[in-house]
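The following paragraphs lead the reader through one protein structure, from a covalent link to the fold and then to a single loop residue. Please keep the sequence and the coordinates in view while reading.

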Amino acid sequence: QVQVVESGGGLVQPGGSLRLSCAASGFTFSTYAMKWYRQAPGKERELVATISTAGGIRNYADSVKGRFTISRNNAKNTVYLQMNTLKPEDTAIYYCNAEFAYDRSLNYWGQGTQVTVSS
């Protein structure tokens, strides 16, 4: 049974940090590129960061470049999103996505974790 479970969200003040985790099971994690998306109220889902299967290639949305870092541990079937210098506009539900490297139509989603940046 495939599971993709995000954790680590919460309420943080502007300028603060959070680390999101996404634990995966039920598929061969090391053959999937991993992505973090986010969706703010009233807005479309936005791709935030991606990491290749072995972690050698990482890409970020311009809005988070220099503040967020995506990483993965294939031994633990987990991907992370370290978020620093958080801004109110980072407030959103953050979703983890696993995309099969050899067939992009095969992908799995988590249920999301809420991040709220507010004083």
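One disulfide is present in this structure, which is a predicted model. The bond is formed by Cys 22 and Cys 96, whose sulfur atoms lie 2.1 Å apart. It ties together distant parts of the chain, since Cys 22 belongs to strand 3 and Cys 96 to strand 9 (residues 92–100), with the two positions 74 residues apart in numbering. The torsion about the S-S bond of Cys 22 and Cys 96 is about -80 degrees, and the disulfide is therefore left-handed. Both Cys 22 and Cys 96 are buried.

The disulfide is set in a chain of strands. The secondary structure of the protein chain consists of eleven strands and zero helices, so that, read from the N terminus, the elements follow the pattern β-β-β-β-β-β-β-β-β-β-β. Along its principal axes the C-alpha trace spans about 40 × 25 × 25 Å. For 119 residues, a compact globule would have a radius of gyration near 14 Å, and the protein chain, at 14 Å, agrees with that expectation. Of the 119 residues, 42% are buried. The protein chain exposes about 6200 Å², of which carbon and sulfur atoms supply 47%. Among contacts between residues at least 6 apart in sequence, 53% join residues at least 24 apart.

Strand 3 also takes part in an open sheet. This sheet has four strands in the order 1-3-8-7, with antiparallel pairing. Strand 1 (3–7) and strand 7 (68–73) stand at the edges; each has a single partner strand, and therefore one side of each is without a neighbour in the sheet. On average, and with direction ignored, neighbouring strands of this sheet are turned by 15 degrees against each other.

At the edge formed by strand 7, the pairing can be followed residue by residue. Strand 7 and strand 8 (residues 78–83) run antiparallel and are joined by six bridges. Within this pair, Ile 70 is opposite Leu 81 of strand 8, and Arg 72 is opposite Val 79 of strand 8. Which residues of strand 7 make up its covered face, and which its uncovered one? Phe 68, Ile 70 and Arg 72 form the covered face, while Thr 69, Ser 71 and Asn 73 form the uncovered one. The two residues named above in the pairing, Ile 70 and Arg 72, thus belong to the covered face. Strand 7 and strand 8 form a hairpin with four residues between the strands, and there Asn 77 takes a positive phi near 55 degrees.

Arg 72 leads on to another part of the chain. Ser 30 is located in the loop between strand 3 (18–25) and strand 4 (32–39). Is Ser 30 buried, partly exposed or exposed? Its relative accessibility is 37%, and because buried means under 20% and exposed over 50%, Ser 30 counts as partly exposed. When neighbours within four places in sequence are left aside, Ser 30 is in contact with Thr 53, Arg 72 and Asn 74. Arg 72, one of these contacts of Ser 30, is the residue that stands opposite Val 79 in strand 8. By contrast, the C-alpha atoms of Ser 30 and Thr 113 are separated by 23 Å, the two residues being 83 apart along the chain.

Technical notes: Residues are numbered from 1 along each chain as its sequence is written. This is a predicted model: local features need pLDDT of at least 70, side-chain atom pairs count only at pLDDT 80 or more; totals for chains, interfaces and linings use all residues. Side-chain values use heavy atoms; hydrogens and water are left out. Two strands pair if DSSP finds at least two bridges between them. Axes are lines fitted to C-alpha atoms, for helices over the stretch in contact, and angles run from 0 to 180 degrees between N-to-C directions. The radius of gyration is taken over C-alpha atoms; the globule rule is 2.2 Å times the number of residues to the power 0.38. Buried means under 20% relative accessible area, exposed over 50%, partly exposed in between (1.4 Å probe, protein chains only). Contact means heavy atoms within 4.5 Å. Accessible areas come from the Shrake-Rupley method with a 1.4 Å probe; for residues, only the protein chains shown count as cover. A disulfide is a pair of cysteine sulfur atoms within 2.5 Å.
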